Amino acid sequence: MRCLLLAPLLLTFSIPVQAADPAVHLVLSFSRGTGSQSSVSMPMASMDVCQEEGALATSRNTKEYNTFFWCIDGGVQ
């Protein structure tokens with residue numbers, strides 16, 4: 001019986017709330033020397049916010065890590 005009540009609740013939370021939001025992603029790439037590299041992608045609210053957050057991320061830890069960023073506009077979700 002609990003499963004029958006849980007299914008509609010899970011479906012409610014899995015539906016996107018605002019499907020017309022722009023799909024802008026900030027991609028950060030970190031490298032240390034020649035051997036270790038990693039990257040991460042994060043959704044952003046707008047292209048302006050993406051540029052600001054990317055610039056902020058590249059200004060931190062400049063002695064330990066080389067950080068690069070890209071803002072990718074994926075259109076509308």
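Student: Before we start, what is a disulfide?

Tutor: Here a disulfide means a pair of cysteine sulfur atoms that sit within 2.5 Å. Keep in mind that the model we're looking at is predicted. In it, the sulfur atoms of Cys 50 and Cys 71 are 2.2 Å apart. That fits the cut-off of within 2.5 Å, and the pair forming the disulfide is Cys 50 and Cys 71.

Student: Cool, so which parts of the chain does that pair link?

Tutor: The two cysteines are 21 residues apart, so think of distant parts of the chain. Cys 50 belongs to the helix covering residues 47-58, and Cys 71 to the strand covering residues 66-76. The parts linked are helix H2 and strand E3.

Student: Is that disulfide left-handed or right-handed?

Tutor: Look at the torsion about the S-S bond of Cys 50 and Cys 71. It comes to about -105 degrees, so the disulfide is left-handed.

Student: How does the whole protein read along the sequence?

Tutor: Start with the pieces: there are two helices and three strands. Put them in sequence order and the pattern you get is α-β-β-α-β.

Student: Is Cys 50 buried or exposed?

Tutor: Buried means under 20% relative accessible area. Cys 50 has 0% relative accessibility, so Cys 50 counts as buried.

Student: Which element gives the most to the largest nonpolar core?

Tutor: That core has seven residues in all: Val 24, Leu 26, Leu 28, Met 44, Cys 50, Ala 57 and Cys 71. Strand E1 (22-32) and H2 each supply at least two of them. With three residues, the one that gives the most is E1.

Student: Why would nonpolar side chains gather like that?

Tutor: In soluble globular proteins, nonpolar side chains tend to be buried together. In this model, one residue of the core, Ala 57, touches Leu 28 and Thr 67, leaving aside residues up to four places away in sequence. Of those two partners, the one listed in the core with Ala 57 is Leu 28.

Student: And what about Trp 70, is that residue buried, partly exposed or exposed?

Tutor: Trp 70 lies in strand E3. Together with Phe 68 and Ile 72, Trp 70 forms a nonpolar patch on the surface, with about 340 Å² of accessible area for the three together. The relative accessibility of Trp 70 is 48%, so Trp 70 counts as partly exposed.

Student: Last one: what share of the residues is buried?

Tutor: The protein has 77 residues, and the accessible surface comes to about 6,200 Å². Counting the buried residues, their share is 17%.

Terms used: Residues are numbered from 1 along each chain as its sequence is written. This is a predicted model: local features need pLDDT of at least 70, side-chain atom pairs count only at pLDDT 80 or more; totals for chains, interfaces and linings use all residues. Side-chain values use heavy atoms; hydrogens and water are left out. Helices (H or I, at least four residues) and strands (E, at least two) are DSSP runs, numbered from the N terminus. Buried means under 20% relative accessible area, exposed over 50%, partly exposed in between (1.4 Å probe, protein chains only). Patches are made of residues with over 30% relative accessible area and no salt bridge: like charges are joined within 9 Å, nonpolar side chains (Val, Leu, Ile, Met, Phe, Trp, Tyr) within 5 Å. Accessible areas come from the Shrake-Rupley method with a 1.4 Å probe; for residues, only the protein chains shown count as cover. A salt bridge is a side-chain nitrogen of Lys or Arg within 4 Å of a carboxyl oxygen of Asp or Glu. A nonpolar core is a set of buried Ala, Val, Leu, Ile, Met, Phe, Trp, Tyr and Cys residues joined through side-chain atoms within 4.5 Å. Contact means heavy atoms within 4.5 Å.
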